[in-house]
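Good morning, and thank you for making time for this presentation. Please bring up the sequence and the structure, and I shall take you through them.

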Amino acid sequence: YKSFDIDTNLKPDFIGDVTNMNEIKNESFDLVCAFQVLEHMIYEKFFLAIKEMSRISKNFVFISIPCELNSFNLSMKLSLKARIIHRLSCNFNLLIRLPNFFIKDINIEKLIERDDKINPHYWEVGRPSYPKKKILKVIKKSNLEIIKCFHNKQFAYHWFILCKKVNAK
C-alpha cells in the first residue's frame with residue numbers, strides 16, 4: 001500500500017496533484033484507487049486525473065464518487081433456527097432510485113469566493129451537468145474498460161466504479 005495526497009500533514013508516500021503524478025512510473029501499481037477524492041477538483045480536471053490513474057496502473061482503477069441520488073432502500077433479513085430447518089436465512093436488499101427533480105448544479109463561483117475553501121465538492125454525479133453517462137464516457141476515453149458500477153445499498157450516495165486497463169492481461 002502506497003498513499004498519494006496533496007496534504008503533507010497526512011504524511012503520504014507521494015505528495016502532489018492527482019492530475020500530474022510524474023514522479024510515479026508508468027504501470028507501477030496493480031490497483032490504483034481514489035475514493036471520494038475527484039469531486040474536490042473542478043470537473044475539467046477529472047479526465048486528467050483518470051488518465052494519470054490509468055497510466056500508473058498495471059491492471060485496475062477503482063474510484064468512488066459522490067452521487068446525488070434520491071433513493072429508497074428496503075432491507076430485510078430472516079433467520080430461522082429450528083430442528084427441521086437448521087439454519088435457514090435469507091437476505092433481501094432493494095434499492096430504488098427516485099427522480100431528481102429538485103437537484104441543481106453546485107455554484108462553483110460561490111465556492112471559489114468562500115474564505116475557508118475546506119473540502120468543497122465542485123461537482124457530483126447525478127446533478128444536471130454531470131449525469132452518469134457523461135462520467136462513464138470520460139472513463140472509457142482513458143484506456144479503461146468498466147467492469148462494474150454499483151452503489152452501496154445502505155448509503156447510495158457513494159457510487160463505485162471498477163475499471164480494468166484495456167491492454168491489461
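**A walk through the fold**

In E8, the residue that bridges to His151 is Trp159. I begin with that pair, and I should say at once that the model is predicted. Strands E7 and E8 run antiparallel, and eight bridges join them. The two strands form a hairpin, with two residues between them.

Let me now step back to the whole chain. The protein chain has three helices and eight strands. In sequence order, these elements follow the pattern β-β-β-α-β-β-β-α-α-β-β. The chain has 169 residues, and 34% of them are buried. Among contacts with a separation of 6 or more, 61% are between residues 24 or more positions apart. The accessible surface comes to about 11,400 Å², and carbon and sulfur atoms account for 56% of that surface.

I turn next to the sheet to which the hairpin belongs. In which order do the four strands of this open sheet lie? The order is E3-E4-E8-E7, and the pairing is mixed. Strand E3, residues 29-35, and strand E7 are the edge strands, each pairing on one side only. From one strand to the next, the twist averages 15 degrees.

We can go through the remaining pairings one at a time. E4 and E8 are antiparallel and pair over seven bridges. Within this pairing, Ser64 has Phe160 of E8 as its bridge partner, and Phe62 has Leu162 of E8. E3 and E4, by contrast, pair in the parallel sense, over six bridges. Here Phe29 stands opposite Ser57 in E4. Between these two strands the chain passes through H1, and the resulting β-α-β crossover is right-handed.

Ser57 merits a moment of attention. This residue lies in strand E4. Is Ser57 buried or exposed? Ser57 is buried, for its relative accessible area is 0%. Leaving aside residues up to four places away in sequence, Ser57 touches Glu27, Phe29, Asp30, Val32 and Lys165.

Now to the helices, beginning with H1. The buried residues of H1 are Phe46, Ala49, Ile50, Glu52, Met53, Ser54 and Ile56. Please note that Glu52 and Ser54 are among them. What covers the buried residues of H1? The cover includes E3, E4, H3, E7 and E8.

Helix H3 spans residues 132-140, and its buried residues are Ile135, Leu136, Val138 and Ile139. Why do these residues line one face of the helix? Seen down the axis of H3, the buried residues fall within an arc of 160 degrees, so they line one face. The general background is that an α-helix has 3.6 residues a turn, so residues three or four places apart point the same way. On the face of H3 turned away from the buried side, we find the exposed residues Lys133, Lys137 and Lys140. The buried residues of H3 pack against helix H1 (46-56) and against strands E4 (57-66), E7 (144-152) and E8 (155-165). H1 and H3 therefore meet through buried residues of H3, which pack against H1, and H3 is in turn part of what covers the buried residues of H1.

Helix H2 covers residues 108-113 and contains Glu109. Is Glu109 buried or exposed? With 54% relative accessibility, Glu109 counts as exposed; the cut-off for exposed is over 50%. Glu109 and Tyr122 are 13 residues apart in sequence, and their C-alpha atoms are 9.6 Å apart in space.

One further position lies outside the strands and helices. Leu69 sits in the loop between E4 and strand E5, which spans residues 70-80. Why does Leu69 count as buried? Its relative accessibility is 17%, and buried means under 20%. Leu69 and Gly126 are 57 residues apart in sequence, yet 6.3 Å apart in space from C-alpha to C-alpha.

To close, let me return to the sheet. Its four strands lie in the order E3-E4-E8-E7, with E7 and E8 forming the hairpin with which I began. Strands E4, E7 and E8 are among the elements that cover the buried residues of H1, and the buried residues of H3 also pack against E4, E7 and E8. Thank you for your attention.

Key: Residues are numbered from 1 along each chain as its sequence is written. This is a predicted model: local features need pLDDT of at least 70, side-chain atom pairs count only at pLDDT 80 or more; totals for chains, interfaces and linings use all residues. Side-chain values use heavy atoms; hydrogens and water are left out. Buried means under 20% relative accessible area, exposed over 50%, partly exposed in between (1.4 Å probe, protein chains only). Contact means heavy atoms within 4.5 Å. Accessible areas come from the Shrake-Rupley method with a 1.4 Å probe; for residues, only the protein chains shown count as cover. The arc is that of the directions from the helix axis to the C-beta atoms. Two strands pair if DSSP finds at least two bridges between them. Axes are lines fitted to C-alpha atoms, for helices over the stretch in contact, and angles run from 0 to 180 degrees between N-to-C directions. A crossover is right-handed if, with the strands pointing away from the viewer, the path from the first strand over the helix to the second runs clockwise.
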